[in-house]
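Work through these exercises with the model open beside you. Try each task before you read its solution.

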Amino acid sequence: MLKDLVIRNRSYRGYDPSRKMTKEELESLVDLTRYTASSVNLQPLRYHIAWKEDEVDTIQGMTKWAAALPHLKLPFPGKRPTGFIIICIDTSLAPNPTVFLRDVGIAAQTMLLAAVEQGLGGCMIGNFDKDEIRNKLDLPINAEPNLIVAIGKPDEDITLTHVGADGNTRYYRDETGQKHFVPKRSLNEILI
Ligand SMILES: Cc1cc2nc3c(=O)[nH]c(=O)nc-3n(C[C@H](O)[C@H](O)[C@H](O)COP(=O)(O)O)c2cc1C
């Protein structure tokens, strides 16, 4: 069961716009993170959730998607996510945020697995300007945006493949741009 969720939990870059995320749904994803591991149990992560259309659009405009496929300009028009969760690190608690990057990953993956379980899905976005996000959304000065999680109902065709002999791990699409492929390494390759 967990393996199935992990496999279905892909980085989705196209969503059904009619499936709007609600404040309550995003809050319940954030609520789950309270039970996750945290370095020295400091729990310095703070979350900004966005579900209102204008704010979702604002955040969308500040995020960069699929840097490996710049010609496609993903998500395609009309296929944007309908919610965002911005994971911030409280720098008043954690003056050295790099110590807590692992906490951020654990929190993001936990929320995404729960989303997948509910028939939703998302994409972690690390490619954004944290000061632009903080200023545009008027976040507290001590809330340093670290990772953005897009959420919605995925509307994409994604296939996992194997990394070939050339060792290329880049994700790619077919000529229509609709079918997405993600090469993954074999167990043999990752076991030391
Ligand atoms: C920490 C982190 C940051 C990421 N940042 C971005 C990003 O800024 N934009 C994007 O389109 N994808 C981003 N991704 C998604 C990766 O491109 C994706 O995980 C990878 O292509 C493998 O696909 P998969 O998640 O479906 O296995 C990020 C993933 C991680 C783990």
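**Exercise 1. Which residue in S4 is the bridge partner of Phe 84?**

Two ground rules come before the solution. Residues are numbered from 1 along each chain as its sequence is written. This is a predicted model, where local features need pLDDT of at least 70, side-chain atom pairs count only at pLDDT 80 or more, and totals for chains, interfaces and linings use all residues.

Step 1. Locate the elements: helices (H or I, at least four residues) and strands (E, at least two) are DSSP runs, numbered from the N terminus.
Step 2. Apply the pairing rule: two strands pair if DSSP finds at least two bridges between them.
Step 3. S2 and S4 run antiparallel and are joined by eight bridges.
Step 4. Read across from Phe 84 to S4: the partner is Ala 150.
Step 5. Look to S1 as well. S1 and S2 pair in the antiparallel sense, over six bridges. There, Ile 49 stands opposite Ile 85 in S2.

**Exercise 2. Find what surrounds Phe 84, and place it in the nonpolar core.**

Step 1. List the contacts (C-beta atoms, placed from the backbone, within 7 Å). Setting aside neighbours within four places in sequence, Phe 84 contacts Ala 50, Val 56, Ile 59, Ile 148, Val 149, Ala 150 and Ile 151.
Step 2. Check burial. A residue is buried if 20 or more other C-beta atoms lie within 10 Å of its own, exposed if 12 or fewer, and partly exposed in between; C-beta atoms are placed from the backbone. In S2, seven of the eight residues are buried.
Step 3. Define the core: a set of buried Ala, Val, Leu, Ile, Met, Phe, Trp, Tyr and Cys residues joined through C-beta atoms within 7 Å.
Step 4. The largest nonpolar core has 35 residues, and Phe 84, Ile 85, Ile 87, Val 149 and Ile 151 touch the most other members.
Step 5. The elements giving two or more residues to this core are H2, S1, H3, S2, H4, S3 and S4. H4 supplies the largest share, seven residues.

**Exercise 3. Describe helix H4 and what covers its buried residues.**

Step 1. H4 spans residues 101–117, which is 17 residues.
Step 2. Compare the length. From first C-alpha to last, H4 reaches 25 Å, close to the expected 24 Å. The expected span is 1.5 Å times one less than the number of residues.
Step 3. Mark the buried positions: Asp 103, Val 104, Ala 107, Ala 108, Met 111, Leu 112, Ala 115 and Val 116.
Step 4. Recall the helix geometry: an α-helix has 3.6 residues a turn, so residues three or four places apart point the same way.
Step 5. The cover over the buried residues includes helices H1 and H2 and strands S1, S2, S3 and S4.
Step 6. Past the helix, Gly 119 has a positive phi, near 80°.

**Exercise 4. In what order do the strands of the three-stranded open sheet stand?**

Step 1. S5 (157–162) and S7 (179–184) pair in the parallel sense over six bridges. In S7, Leu 160 has Val 182 as its bridge partner, and Ile 158 has His 180.
Step 2. S6 (172–173) and S7 pair in the antiparallel sense over two bridges. His 180 is also the bridge partner of Arg 173.
Step 3. The order is S5-S7-S6, with mixed pairing. S5 and S6 stand at the edges with a single partner strand each, so one side of each has no neighbour in the sheet.
Step 4. Finish with the hairpin of S6 and S7. Five residues lie between the strands, and Gly 177 takes a positive phi near 80°.

Notes. Two residues are in contact if their C-beta atoms, placed from the backbone, lie within 7 Å.
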